[in-house]
Amino acid sequence: MARKRGGSGAKNGRDSNPQYLGIKASGNTLVKAGTIIVRQRGTKIHPGPNVGCGGDYTLFAKVDGRVAFSSRRGRKLAGVIPVAAE
């Protein structure tokens, strides 16, 4: 008789990595082009002006400026208001 279970004895010990979702740049925050604003699953927040949407629904800034959250027709929007270069 074997003392240890063969191969399939360890059924536990696996865990997935955390997703790190949520808002990464809050309202009125100064961001550069390419900065991630929101990481999400699905379009809980839709892209507004000067904001792009990635393949995994990540919202990112297209221009340098300040983040502005608003709503239109019951949808939450994330936009970037451009700031003149100082």
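Strands are taken here as DSSP runs of at least two residues, numbered from the N terminus. On this basis the predicted model contains 0 helices and 8 strands in the protein chain, and the order of elements from the N terminus is β-β-β-β-β-β-β-β. Of the 86 residues of the chain, 22% are classed as buried. The accessible surface amounts to about 6,700 Å², and carbon and sulfur atoms account for 51% of this area. Where contacts join residues at least 6 apart in sequence, 43% of them link residues at least 24 apart.

The strands are arranged in sheets, described here in turn. One is an open sheet of 4 strands with antiparallel pairing, in the order E1-E3-E6-E5. Its edges are formed by strand E1 (22–23) and strand E5 (51–53), each of which pairs on one side only. The pairing of E5 with strand E6, which covers residues 59–61, is antiparallel and comprises 3 bridges. Within this pair, Gly52 has Phe60 of E6 as its bridge partner.

Another open sheet of 4 strands has mixed pairing and the order E2-E7-E8-E4. Strands E2 and E4 lie at the edges with a single partner strand each, so one side of each has no neighbour in the sheet. Strand E2, residues 30–31, runs antiparallel to E7 and is joined to it by 2 bridges. Leu30 is placed opposite Arg66 of E7, and Val31 is placed opposite Gly65 of E7. Gly65 also has a bridge partner in E8, namely Pro82.

Strands E7 and E8 pair in the antiparallel sense through 8 bridges. Arg72 stands opposite Arg75 of E8. The hairpin of E7 and E8 has 2 residues between the strands, and Arg73 adopts a positive phi near 55 degrees there. On the other side of the sheet order, strand E4 (residues 45–47) and strand E8 (residues 75–82) run parallel and are joined by 3 bridges. In this pair, Pro47 faces Ala78 of E8 as its opposite residue.

The edge strand E4 also contains His46. This residue has a relative accessible area of 16% and is therefore counted as buried, the cut-off being under 20%. Beyond its neighbours within four places in sequence, His46 makes contact with Leu59, Arg75, Lys76, Leu77 and Ala78. Among these, Ala78 is the residue of E8 that stands opposite Pro47.

The largest nonpolar core consists of 11 residues, namely Ala25, Val31, Ile37, Val38, Ile45, Val51, Leu59, Ala61, Val67, Ala78 and Val80. Strand E3 (36–39), E6 and E8 are the elements that contribute two or more residues to this core. The core includes Leu59 and Ala78, which are also contacts of His46.

Val67, another member of the core, is located in strand E7, residues 65–72. Its relative accessibility is 3%, and Val67 is therefore classed as buried. With neighbours up to four places away in sequence excluded, the residues touched by Val67 are Ala25, Ser26, Gly27, Asn28, Thr29, Val31, Ile37 and Gly79. Of these contacts, Ala25, Val31 and Ile37 are likewise members of the core. Val67 and Val31 are 36 residues apart along the chain, and their C-alpha atoms are separated by 7.1 Å. Val31 is in addition the residue that stands opposite Gly65 of E7.

Terms used. Residues are numbered from 1 along each chain as its sequence is written. This is a predicted model: local features need pLDDT of at least 70, side-chain atom pairs count only at pLDDT 80 or more; totals for chains, interfaces and linings use all residues. Side-chain values use heavy atoms; hydrogens and water are left out. Buried means under 20% relative accessible area, exposed over 50%, partly exposed in between (1.4 Å probe, protein chains only). Contact means heavy atoms within 4.5 Å. Accessible areas come from the Shrake-Rupley method with a 1.4 Å probe; for residues, only the protein chains shown count as cover. Two strands pair if DSSP finds at least two bridges between them. A nonpolar core is a set of buried Ala, Val, Leu, Ile, Met, Phe, Trp, Tyr and Cys residues joined through side-chain atoms within 4.5 Å.
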